[in-house]
Amino acid sequence: MMCCKSKKRITMNSSQVSYFTLTAYLDSGALKYLFFIVVVFLYVFIIVANVLVIVVICVNRSLHEPMYMFLCSLFVNELYGSTGLFPFLLIQILSDVHTVSAPLCFLQIFCVYTYANLQLSNLAVMSYDRYLAICCPLQYHTRMSLSKVSLLIALTWLCPFLAITVLISLSAPLQLCGNIINKVYCDNNSLIKLSCSDTRVINIYGVLGAILVTVCSVSLIFYTYMRILKVCFSGSKQTRQKAVSTCTPHLASLLNFSCGSFFEISQNRLNMVQVPIMLHIFLSLYWLICPPLFNPVLYGLNLTKIRIICKSLILVKCKCLMLKLRQDSAVGDRKFGESKGQ
C-alpha cells in the first residue's frame with residue numbers, strides 16, 4: 001500500500017514539472033551588465049561574420065562551386081546554433097531567477113543537438129568534397145554535380161532533424177522527479193538524470209545514434225584524409241599547395257569542434273564538482289560559441305577567393321564612406337562661406 005502511494009506521489013510530482021531551474025549561473029551583481037555586453041558583442045560578431053561570408057558566396061557567381069556551397073551550409077548552421085543559445089543566454093544573464101519553461105527547454109535542446117549533428121555532418125561532407133577535388137580532379141565536376149551537392153546538403157540537414165525529433169519525442173513524456181539542471185542551458189542528458197521512470201529505450205537510442213553519427217562521420221573524414229595525404233606525398237608541388245590551402249581551415253574547424261564536443265561529453269560523463277564554476281561554464285559553452293566565432297574568420301583569411309572579395313567589398317565601402325564625408329564637408333564649407341559673405 002505504501003509502495004502504491006509513493007508511486008502515485010512520484011507521478012503527481014513529475015506531472016507538475018512545468019519549468020526548470022538552471023543552477024550554473026553565478027550571482028555576479030553589477031558585473032552581470034559587463035557579461036551581458038560581452039555576450040552581445042560575441043553574438044553580433046558571429047552574426048555579422050557568418051552573414052558576410054554567406055552573402056559573399058551567394059552574390060558572387062565565381063563562388064558557386066561545391067566547396068563554397070558546403071561552406072554556406074556550415075555557416076547557416078552556425079547562425080542557427082548561435083540563435084538557439086545566445087538570446088536565451090542574454091535573458092538569463094540579466095534575470096535574477098534563472099528558470100526556463102519546459103517547452104522552451106525542449107526547444108533549446110532540439111536546436112543545440114541538431115546544431116551539433118549538423119556541424120559534424122557538414123564537416124564530414126566537406127572532407128569528401130576535398131578528397132574528390134584533390135584525388136580525382138578530372139572527375140570532380142562529374143562526381144560532384146549540382147544535383148549531388150543539393151542532395152548531400154539536403155541529407156546533411158534532414159537526417160539530424162529527424163534523429164533529434166525522435167530523441168525529443170522520447171524525452172518529453174519522461175516522468176521527472178526534479179527540475180534542477182546544473183548548466184547554463186538546457187541539456188537532454190540532464191533531463192534523463194532527473195527522470196524517475198524507465199529510461200532504457202532513450203538511453204539505447206541515444207548511445208546507438210551517437211555511435212552511428214560519430215563512427216560514420218569520423219570514418220569518412222579519416223579515409224578521405226588518408227587518401228589526400230597519399231596523393232600529397234606522391235603528387236606535385238602544386239597539388240600539395242592546393243591541399244594545404246583548402247584543407248588547413250577544414251582541419252582547424254574539425255579540431256576546434258572536436259575539442260568542444262570532447263569537453264561537453266566529459267562533463268556529462270564525469271563528476272565535475274571539483275572543477276571551478278567558471279571553467280565549468282567555459283567548457284560547456286565552448287562547442288557552441290567558438291566554432292561559429294572562429295570558422296568564418298578562419299575560412300575568410302585562408303581561402304583566397306573569399307579573402308579577395310571581402311577585401312574589395314570593405315575597400316569599396318570605405319571609399320564610399322570617405323567620398324560621402326568629403327561631399328558633406330564640401331557642402332558645409334560652401335554654406336559657411338555663403339553665410340559669412342552675407
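Hi everyone, let's start with one residue: leucine 107 is found in helix 4. Helices here are DSSP runs of H or I with at least four residues, strands are runs of E with at least two, and both are numbered from the N terminus. At 47% relative accessibility, leucine 107 counts as partly exposed, because buried means under 20% relative accessible area, exposed means over 50%, and partly exposed lies in between, with a 1.4 Å probe and protein chains only. Along the chain, leucine 107 sits 61 residues from isoleucine 168, while in space their C-alpha atoms are 8.9 Å apart.

Before going on, a word about what you are looking at. This is a predicted model, where local features need pLDDT of at least 70, side-chain atom pairs count only at pLDDT 80 or more, and totals for chains, interfaces and linings use all residues. Residues are numbered from 1 along each chain as its sequence is written, and side-chain values use heavy atoms, with hydrogens and water left out.

Now the overall picture. The protein has 11 helices and 3 strands, and read along the sequence they follow the pattern α-β-α-α-β-α-α-α-β-α-α-α-α-α. Of its 342 residues, 43% count as buried. Contact means heavy atoms within 4.5 Å. Among contacts between residues at least 6 apart in sequence, 81% join residues at least 24 apart.

Let's stay with helix 4 for a moment, since asparagine 122 has its place there too. Is asparagine 122 buried or exposed? With 2% relative accessibility, asparagine 122 counts as buried. Leaving aside neighbours within four places in sequence, it is in contact with Phe70, Ser73, Leu74, Asn77 and Thr156.

Over in helix 2 we find tyrosine 43, which counts as buried at 15% relative accessibility. Which residues does tyrosine 43 touch, not counting residues up to four places away in sequence? They are Ser82, Thr83, Phe86 and Pro87. Serine 82 is 39 residues from tyrosine 43 along the chain, and their C-alpha atoms are separated by 7.4 Å.

Next, two helices to trace with your finger. The expected span of a helix is 1.5 Å times one less than its number of residues. Helix 8 has 35 residues and should therefore span 51 Å; its end C-alpha atoms are 50 Å apart, which agrees. Its buried residues are Ile202, Ser217, Ile221, Thr224, Tyr225, Ile228 and Cys232, and these pack against helix 4, helix 6, helix 7 and helix 9.

Helix 9, residues 237–269, has 33 residues and should span 48 Å, and the 46 Å between its end C-alpha atoms agrees. Have a look at cysteine 247 in helix 9: a kink of about 40° lies there, shortly before proline 249. The bend at a residue is the angle between axes fitted to the seven residues ending there and the seven starting there.

Finally, the empty spaces. Rolling a probe the size of a water molecule over the atoms shows where empty space is left. On a 1 Å grid over the protein atoms alone, a cavity is a set of points where a 1.4 Å probe fits but cannot get out; a pocket is an open set with protein on both sides within 12 Å along at least five of seven lines; and lining residues have an atom within 4 Å of a point. Grid points are joined across faces, edges and corners, and a volume is the space filled by probe spheres set on the points.

How many cavities of 30 Å³ or more does the structure hold? There is 1, with a volume of about 50 Å³. Its lining is Met67, Phe70, Met126, Asp129, Arg130, Thr246, His250 and Tyr299. Helix 4 gives the most to this lining, with 3 residues.

The largest pocket holds about 1600 Å³ of space. Of the 47 residues that line it, the closest to its centre are Asn117, Gly209, Ala210, Val213 and Thr214. Helix 8 returns here, supplying the largest share of the lining, 17 residues.

The second largest pocket has a volume of about 700 Å³. Of its 26 lining residues, Phe35, Val39, Ile93, Ile281 and Leu285 are the closest to the centre. Helix 10 provides the largest share of that lining, 8 residues.

That's my tour, and thanks for listening!
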